[in-house]
2 protein chains.
Amino acid sequence: MLSLEFLGELAQQTSTKIVLLVLDGLGGLPRPDTGKTELETARTPNLDRLAAEGVCGVVDPVARGITPGSGPGHLGLFGYDPLQFTVGRGVLEALGIDFDLQKGDVAVRGNFCTVDAHGLVVDRRAGRITTETNRELCDKLSGIALDGIELHVVPVKEHRLVVVFRGDGLEADVADTDPQLVGKPPLAAVAHSPNARRTADLANDFISKARSVLADSHPANMVLLRGFSQHPDLPTMQEIYKLTPAAIASYPMYRGLAKLAGMKVLETGASVADEIETLEQRYGEHDFFFLHVKKTDSFGEDGNFDGKVAVLEEVDGLLPMITGLSPDVIVVTGDHSTPALLKGHSWHPVPILLHSGTCRCDSVADFSEGSCVGGGLGRFPAAEIMPLAMAHAQKLAKYGA
Amino acid sequence: MLSLEFLGELAQQTSTKIVLLVLDGLGGLPRPDTGKTELETARTPNLDRLAAEGVCGVVDPVARGITPGSGPGHLGLFGYDPLQFTVGRGVLEALGIDFDLQKGDVAVRGNFCTVDAHGLVVDRRAGRITTETNRELCDKLSGIALDGIELHVVPVKEHRLVVVFRGDGLEADVADTDPQLVGKPPLAAVAHSPNARRTADLANDFISKARSVLADSHPANMVLLRGFSQHPDLPTMQEIYKLTPAAIASYPMYRGLAKLAGMKVLETGASVADEIETLEQRYGEHDFFFLHVKKTDSFGEDGNFDGKVAVLEEVDGLLPMITGLSPDVIVVTGDHSTPALLKGHSWHPVPILLHSGTCRCDSVADFSEGSCVGGGLGRFPAAEIMPLAMAHAQKLAKYGA
């Protein structure tokens, strides 16, 4: 895979524009009765026309056989090798609630839990307290003072919360405090490396103070922490590609991932139409747009084949709003497959189409898993999409004389 | 290529089963008069059906243009990067005679040779003595005592033997003693690195004592050694993939290679039918089976196009015995190509089919080199077959959140 330094040396700022349309969980599997995937079932004349005019292929989000989570899936799309750059669970949880994570922050997922009189965990989820109670308890915990750092305790849903330690010199290499079993006491936070000792000390101080604060809040009378992780401090897309990138995503986690890559997050509404309207309105301000459609994945996860088909048709119906803007490069793909048949993310490659005036058109006549396999782009890792899009937008200089 | 550590973190034990059917030397070249390869000539309705229902592609055993021996060919199929992990010639020779090689062992190939009164080699193969004479001489040589280690001297065929040094702290980095020319004396064993000095000393002691033992055994009055190599001590497939892998192979070398990967070697008969019967009988005991068919390669090596076609048809006829067991994943491929036209291994990619309930079916309708090129798996290194099979058996957890 090309290094980001190498790409950075070739990248040049131009007036051309790239739109990366990500249909989350796009790839599917054929329904046995029809032999057709979700994308093959959907009536998508506009996507088919783009595929016919452009060049197609399939991408492996990480590598053959590897099923990615949303973190690695999107890092790949943004041009980062998802095996080299990682987003930890605590960070992802923080991004998922729109928490404004800063470089250096250590984030960790928390659970409210119940401990008995001996301090042993009897319920790892504190009876799934309401989100309202969670909010009240997080407010209390936010009052805890820790030596020399800023503490953020933010509710998620039911018993889940995010704890963020903000300060200089923190490292995230700390073991979980969740014993994973009832009948055991919460574990102490243990540093896996000398540099993480301060984080572990702060975490232990937090836990001990949280125990006092929560003493009368049965069943949520203790917290367990897991997935200590740090803002990955990626080289940004401005730095690498000299772009002014923007993200349009109605779901917080994808806004957060885009922010990690240095994108400006644009305010938008909940629907695909809202998102595309935002693209139209802000089209003059940026030269790269990441537009994220969530529901293809959600319906895939639910095993709702027809629901996923309907979202694909909805997106297709709105596509002329995007093509009407005449971006120099349009890429349509997904961060991974989410076949309704498997009710979850999968390792299957994802179809991709690239539409541009600089395409060498192939013989693919419709946008589907089956057709894209024979496309001119071949099969390649998702992290190579960015250099390809940059090239088609004529934003990459010649390498060597 | 994905690291084995990375795969090991994702692998999980499940009840699903994988059958890897290896048709040795599967890939071929078209006969000029028909334009069809061995596989394209053979009538293989069952393989064709599997290909049509599954997903196909072609694999490069090592890399484009590289012709592999059996060692790298099989290491790749078992998921080891054949450029990173190697099996030396001495080790391979020992495996080929079913010698039970242990971790730490240094194995080396030997030739009985003839030396004249001045100690110069006059025949590097000692007039190709009979295997019977070889056996008697190896018995005598086995009586040699070496300081602090165990010595094994094992006959192969005609003038060929294997010498194994077993003991602590041995290294194999020792030069051949075979001068490769007549009229020269046998060379001393020279260590290429300080850690191998002990092995070199032991080898020189062995050679010197062998010279005495063989003094009256003209024409086999001396031995030459080459290919010092050590048990590669691979991380096993149990360790990496949490499998309980078993090998069914009628030829010793393939049993030996499977043993290196940690497979349990099942006793079986000489024919393909015997091997598949063993699969049926032992099917309940393991979750991964490597089933090796040798004769496709043997006929290829002999330049016997029709013989190779006949073996392919024989395998095809027996295939329903395998599919009848309904493994969750069946992979059919080869360790390399052995085109009858070239009478030897070749660098051409090898067709592969993967059949599973989790397949995204492609448009390939028959199992052949030509069809597989357009398959949904694309073209990829053989070492990526294991992660792919593991994924389709739903034995790999999601990477990242």
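B:Pro219 lies in a loop of chain B, between helix 7 (197-213) and strand 7 (222-230). The model is predicted. In it, the peptide bond that joins B:His218 and B:Pro219 is cis, with omega about 10 degrees. Chain A has a cis bond to describe as well. There, A:His218 and A:Pro219 are joined by a cis peptide bond, and omega is about 10 degrees. A:Pro219 sits in the loop that runs between helix 7 (197-213) and strand 7 (222-230) of chain A. Why note such bonds at all? Most peptide bonds are trans.

Next, the backbone angle phi. Most residues other than glycine have a negative phi. B:Arg128 has a positive value, near 45 degrees. This arginine is placed in the loop between strand 4 (121-123) and helix 6 (131-142) of chain B. Is B:Arg128 buried or exposed? Its relative accessible area is 48%, so B:Arg128 counts as partly exposed. In chain A, phi of A:Arg128 is near 45 degrees, again positive in a residue that is not glycine. A:Arg128 belongs to the loop between strand 4 (121-123) and helix 6 (131-141) of chain A. With a relative accessibility of 47%, A:Arg128 is partly exposed.

A further positive phi occurs at A:Gln394, just after helix 14 of chain A, with a value of about 55 degrees. The helix itself spans residues 385-392 and is mostly covered. Of its eight residues, six are buried. Which residues of helix 14 of chain A are buried? They are A:Ile385, A:Met386, A:Pro387, A:Ala389, A:Met390 and A:His392.

Now the interface. The contact involves 29 residues of chain A and 27 residues of chain B. Three residues, B:Arg360, B:Tyr399 and B:Ala401, supply 40% of the area that chain B buries against chain A. No other three residues supply more. Between the two chains, about 2,100 Å² is buried, and carbon and sulfur atoms give 62% of that area.

What about charge and polarity across the interface of chain B and chain A? The rule finds one salt bridge there. The side chains of A:Arg64 and B:Glu384 meet in a salt bridge, at 3.7 Å from N to O. Polar contacts between chain B and chain A link 13 residue pairs, counted with both residues at pLDDT 80 or more.

On the side of chain B that touches chain A, helix 1 (4-10), strand 13 (378-381) and helix 14 (385-392) each supply at least two residues. Helix 14 of chain B gives the most, with four residues. By class, this side of chain B has 15 nonpolar, eight polar and four charged residues.

One charged residue of chain B deserves a separate look. B:Asp316 is part of helix 12, which covers residues 305-323 of chain B. B:Asp316 is buried, yet has no salt bridge. Why is there no salt bridge for B:Asp316? The nearest side chain of opposite charge, B:Arg43, is 6.5 Å away, and a salt bridge needs the nitrogen and the carboxyl oxygen within 4 Å, so the pair does not qualify. B:Arg43 is still in contact with B:Asp316. Beyond neighbours within four places in sequence, the other contacts of B:Asp316 are B:Thr44, B:Pro45, B:Asn46 and B:Leu47.

How values were computed: Residues are numbered from 1 along each chain as its sequence is written. Chains are lettered from A and ligands numbered from 1 in the order in which they are written. This is a predicted model: local features need pLDDT of at least 70, side-chain atom pairs count only at pLDDT 80 or more; totals for chains, interfaces and linings use all residues. Side-chain values use heavy atoms; hydrogens and water are left out. Buried means under 20% relative accessible area, exposed over 50%, partly exposed in between (1.4 Å probe, protein chains only). Lys and Arg count as positive and Asp and Glu as negative; His and the chain ends are not counted. Contact means heavy atoms within 4.5 Å. Buried area is the accessible area (1.4 Å probe) that two parts lose on being put together, summed over both. A polar contact is a pair of N or O atoms within 3.5 Å; within protein, one must be able to donate a hydrogen and the other to accept it, and residues adjacent in sequence count only if both atoms are side-chain atoms. Ala, Val, Leu, Ile, Met, Phe, Trp, Tyr, Cys and Pro count as nonpolar, Asp, Glu, Lys and Arg as charged, and the others, Gly among them, as polar.
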